[in-house]
Amino acid sequence: MLVKDLMQTDVATISPMATVREALTAMRQNRVKSLVADKKDAHDAYGIVTYTGILHAIVAEEGDIDLMNVYDIYIKPAIAISPEVDTKYVAQMMIRQNVKRLLVVDGNQLAGLISMSDIVGNILAMADEAP
């Protein structure tokens, strides 16, 4: 199975200049645990902001969600993968890099997002189909 067969194509994005409060609001509205931070220009890289990153910034560093911006806490460059890669390699990369989601980039443009949940969900669906 390839990444393009399992990836989520409706990806919530946010400006790196947005406040952490705005990021949390966007996460709640979109019912997601991460947002992709937009590129500044064609040669820039995408970033990713997650619940874990926000929690770390607020609790561990005693940050203020109204004074901190996404660019203060996001991971950039985010780890990205091609939509044409077999999901077994994606799973291996997630385990080795200790990440739960990867950006899917095609031609330097955001195509989607793939998460451990997507891969595990597919494995469970295949197991349910087996006799």
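A pocket is an open set of grid points with protein on both sides within 12 Å along at least five of seven lines, and its lining residues have an atom within 4 Å of a point. Keep that in mind for the first two views, and remember throughout that this is a predicted model.

**Figure 1. The second largest pocket and the residues around it.** Here we look into a space of about 280 Å³. Its lining counts 16 residues, and those nearest the centre are Q8, V32, K33, S34 and L113. Which element gives the most to this lining? Helix 6 does, with 3 residues. Helix 6 (residues 116-129) and strand 6 each supply at least two residues. Sorted by class, the lining holds 6 charged, 5 polar and 5 nonpolar residues.

**Figure 2. The largest pocket, with its own set of lining residues.** This pocket encloses about 530 Å³ of space. Elements that give two or more residues to its lining are strand 3 (47-50), helix 3 (51-60), helix 4 and strand 5. There are 24 lining residues, and T50, T52, I75, V99 and R101 lie nearest the centre. Helix 3 has the largest share, 5 residues. What mix of classes do we find in this lining? It has 14 nonpolar, 5 polar and 5 charged residues.

**Figure 3. A right-handed β-α-β unit.** Follow the chain from strand 4 through helix 5 (residues 87-97) to strand 5, and you have traced this unit. Do the two strands run parallel or antiparallel to each other? Strand 4 (residues 80-81) and strand 5 (residues 101-106) are parallel, joined by 2 bridges. To find your place in this pairing, look for I81, which stands opposite V104 of strand 5.

**Figure 4. A hairpin built from strand 5 and strand 6.** With strand 6 (residues 109-115), strand 5 pairs in the antiparallel sense, and 6 bridges hold the record of that pairing. R101 is a handy landmark: opposite it stands S115 in strand 6. You may recognise R101 from Figure 2, where it is one of the residues nearest the centre of the largest pocket. How many residues lie between the two strands of the hairpin? There are 2, and G107 in the turn has a positive phi of about 65°.

**Figure 5. R31 and N98, two loop residues with positive phi.** Neither residue is a glycine: R31 has a phi of about 55°, and N98 also has a phi of about 55°. R31 belongs to the loop between helix 2 (20-30) and strand 2 (34-37). N98 sits in the loop between helix 5 and strand 5, two elements you met in the β-α-β unit of Figure 3. Is R31 buried or exposed? R31 counts as exposed because its relative accessibility is 79%, and the cut-off for exposed is over 50%. By that reasoning N98 is exposed too, because its relative accessible area is 71%.

**Figure 6. A cis peptide bond leading into P77.** Zoom in on the step from K76 to P77, where omega is near 0° and the peptide bond is cis. Where along the chain is P77 found? P77 is in the loop between helix 4 (70-73) and strand 4. Helix 4 is also among the elements that give two or more residues to the lining of the largest pocket in Figure 2, while strand 4 is part of the β-α-β unit in Figure 3.

Key. Residues are numbered from 1 along each chain as its sequence is written. This is a predicted model: local features need pLDDT of at least 70, side-chain atom pairs count only at pLDDT 80 or more; totals for chains, interfaces and linings use all residues. Side-chain values use heavy atoms; hydrogens and water are left out. Two strands pair if DSSP finds at least two bridges between them. Helices (H or I, at least four residues) and strands (E, at least two) are DSSP runs, numbered from the N terminus. A crossover is right-handed if, with the strands pointing away from the viewer, the path from the first strand over the helix to the second runs clockwise. Buried means under 20% relative accessible area, exposed over 50%, partly exposed in between (1.4 Å probe, protein chains only). On a 1 Å grid over the protein atoms alone, a cavity is a set of points where a 1.4 Å probe fits but cannot get out, and a pocket is an open set with protein on both sides within 12 Å along at least five of seven lines; lining residues have an atom within 4 Å of a point. Grid points are joined across faces, edges and corners, and a volume is the space filled by probe spheres set on the points. Ala, Val, Leu, Ile, Met, Phe, Trp, Tyr, Cys and Pro count as nonpolar, Asp, Glu, Lys and Arg as charged, and the others, Gly among them, as polar.
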